[in-house]
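Here are a few notes from going through this one, in no strict order. Have the viewer open while you read.

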Amino acid sequence: HARRAGAAMPIILSLDDRTIADLAPLSALSADHVAEVCKASLDFTLKGADKERLARVAASVGGPADATVNAVLGLSHLFVEMAKSGVKKAEFLLSISDLALKDDIREQVAEFFMGCREAVQASLGKLVMTLPEYHHVDWRLDVELGSRMLRRRVEPSFVLRLDTKEGGAGGKIDSHYLEADFASLTRMIDQLKAAEAEGQTAHAQRIARYIR
């Protein structure tokens, strides 16, 4: 959360305990490793999650991999919140004063943010805040009951109409049509179940927390 005491007072962001804990490992890193974490955080902010990239950074930095990943995600969250508030360098430094970081590391992170602030702000401006959501689905099963070709194999198919609604009140409803055989429909169901399970993992929930 950002606060401003008056028109001439600086903007100071209050960091929550979780973010402070996630960024704590930065205090034990060298300047080169801090630079790696900063670059990975920027990539995550601009391009989204890349597990392989995060794994490489964690291996390079050393120490517990989870701690490094949490630092990357926490720093990304920090950059986004700072960019939203439009803070200046001095305000950035004031906002991270609660972090147990050496002065040179704190200065390094602030300098990195100032160099990428406009890119982060531009990325935030491109985000679509409302996405189509599920509204309704209809389906029917098509089966050929008779044919002159007696040896022809009967292959039933499903025809589906998926209605989605644009985000926001009074959103427009769009219909999408799909035809699939039973095997393809089963594969789609399996993929949706796998995606749902992935969304419940600790890694996915942590990422969701930082991109809300």
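1. How are H2 and H3 oriented to each other, roughly parallel or roughly antiparallel? Keep in mind that we're looking at a predicted model. Helix H2 (residues 31–47) and helix H3 (residues 51–61) pack at about 170 degrees, and their axes lie 10 Å apart. The cut-off for calling a pair roughly antiparallel is over 145 degrees, so H2 and H3 are roughly antiparallel to each other.

2. Who meets whom in that pair? On the H2 side you'll find His33, Glu36, Val37, Lys39, Ala40 and Asp43, and they meet Arg53, Val57, Ser60 and Val61 of H3. Sorted by class, the contact of H2 with H3 is a mix: four nonpolar, two polar and four charged residues.

3. On to the sheet. It is open, has three strands in the order E3-E4-E5, and is paired antiparallel. Strand E3 (133–142) and E5 are the edge strands; each has a single partner strand, so one side of each has no neighbour in the sheet. On average, neighbouring strands here are turned by 20 degrees against each other, ignoring direction.

4. If you want to check the register, start with E3 and E4: nine bridges join these antiparallel strands. Asp142 has Ser157 in E4 as its bridge partner. E4 and E5 also run antiparallel and are joined by nine bridges. Within this pairing, Arg161 has Tyr177 in E5 as its bridge partner, while Lys165 stands opposite Ile173 in E5.

5. What packs on the sheet? H7 does, touching E4 and E5, and its direction makes about 125 degrees with that of E5.

6. Those three elements come back in the second largest pocket, which has a volume of about 240 Å³. Strand E4 (157–165), strand E5 (173–181) and helix H7 (182–199) each supply at least two residues of its lining. Which element gives the largest share of that lining? It's H7, with four residues.

7. For anyone setting up a selection, the residues lining the second largest pocket are Leu160, Leu162, His176, Tyr177, Leu178, Leu185, Met188, Ile189 and Leu192. By class, that lining has eight nonpolar residues, one polar and no charged. Note that Tyr177 turns up twice in these notes: it is one of the lining residues, and it is also the bridge partner of Arg161.

Notes. Residues numbered from 1 in each chain as written. Predicted model: local features only at pLDDT ≥ 70, side-chain atom pairs only at ≥ 80, totals over all residues. Heavy atoms only, no water. 1 Å grid on protein atoms, 1.4 Å probe; cavity = no way out; pocket = protein on both sides within 12 Å on 5 of 7 lines; lining within 4 Å. Points joined across faces, edges and corners; volume = space filled by probe spheres on them. Nonpolar A, V, L, I, M, F, W, Y, C, P; charged D, E, K, R; others polar. Pairing = 2+ DSSP bridges. Axes fitted to C-alpha atoms, helices over the stretch in contact; angles between N-to-C directions. Contact = heavy atoms within 4.5 Å. Parallel < 35°, antiparallel > 145°, perpendicular 65-115°, else oblique.
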